[in-house]
Amino acid sequence: VRQGGYKLREVGIVLSEKLGEIGLADGQEGILDGIVVAAKADFDIFGLDWDALDTDDARAAICDASVALEERLFAESGSLREIALGLEELRNEGICLVDTHSKNIGYGADGVHKIFDVGVASSPMDRVPRMAGRSRQR
C-alpha cells in the first residue's frame with residue numbers, strides 16, 4: 001500500500017524499563033527455579049517435537065504447562081505468589097508463559113515484580129498489538 005510516496009508497513013514497539021534484581025527472600029530464587037524446571041520437565045517442554053506440532057497443539061502444550069506453573073507458584077507465599085498472579089494476568093491477555101525462572105524476573109522502581117524475556121511463550125497472532133507506520137520507499 002502506498003500513500004504519498006510512502007509505503008506503509010507494520011512495525012512493533014519495544015519498551016524498556018530499568019529493573020533491579022528479582023528481590024526474592026533468601027532461598028526463594030532456588031525454590032522458583034526448581035518449580036519452573038519441574039513444570040517444564042513434567043510437561044516435556046524441551047522434549048516435544050515442536051516441528052511436528054500444529055500451532056494449536058503447540059499453544060496448548062505451552063498453556064497447559066503455564067497453568068500448572070501458575071498453580072504451583074500460587075501455592076507458595078510472598079513474591080512467588082505475585083509471580084503466579086503475573087502469569088495469570090498474562091494468560092488473561094492470551095499469553096501463556098513458562099520461562100519465569102529467576103533470571104527472567106526483575107523488580108521495578110514501583111515495587112512490582114516484572115516478568116520479561118518471553119521466550120517460551122505462546123500468543124495468538126490476533127492479540128499481538130500492531131500499528132501502521134511510515135517507511136520511506138527506497
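**A tour around one disulfide**

Start with the whole protein on screen: of the contacts between residues at least 6 apart in sequence, 68% join residues at least 24 apart. Keep in mind that this is a predicted model.

Next, switch to a cartoon view. You should find three helices and seven strands. Trace the chain from its start and the elements come in the pattern β-β-α-α-α-β-β-β-β-β.

Now try a surface. The protein exposes about 9,000 Å², with carbon and sulfur atoms supplying 51% of that. As for the inside, 29% of the 138 residues count as buried.

Go back to the cartoon and show the cysteine side chains. How many disulfides does the structure hold? Just one. Select Cys63 and Cys96 to see it: their sulfur atoms sit 2.0 Å apart. Look along the S-S bond, and you have a right-handed link with 90° about that bond.

What does the pair tie together? Color helix α2, residues 55–74, and you'll have Cys63 in it; color strand β3, residues 96–97, and you'll have Cys96. The disulfide therefore ties together parts that are 33 residues apart in sequence.

Stay on these two cysteines for the last stop. Are they buried or exposed? Cys63 has a relative accessible area of 14%, and since buried means under 20%, Cys63 counts as buried. Cys96 is buried too, at 2% relative accessibility. So with the surface switched back on, pick both residues by number: Cys63 on helix α2 and Cys96 on strand β3.

Notes. Residues are numbered from 1 along each chain as its sequence is written. This is a predicted model: local features need pLDDT of at least 70, side-chain atom pairs count only at pLDDT 80 or more; totals for chains, interfaces and linings use all residues. Side-chain values use heavy atoms; hydrogens and water are left out. A disulfide is a pair of cysteine sulfur atoms within 2.5 Å. Helices (H or I, at least four residues) and strands (E, at least two) are DSSP runs, numbered from the N terminus. Buried means under 20% relative accessible area, exposed over 50%, partly exposed in between (1.4 Å probe, protein chains only). Contact means heavy atoms within 4.5 Å. Accessible areas come from the Shrake-Rupley method with a 1.4 Å probe; for residues, only the protein chains shown count as cover.
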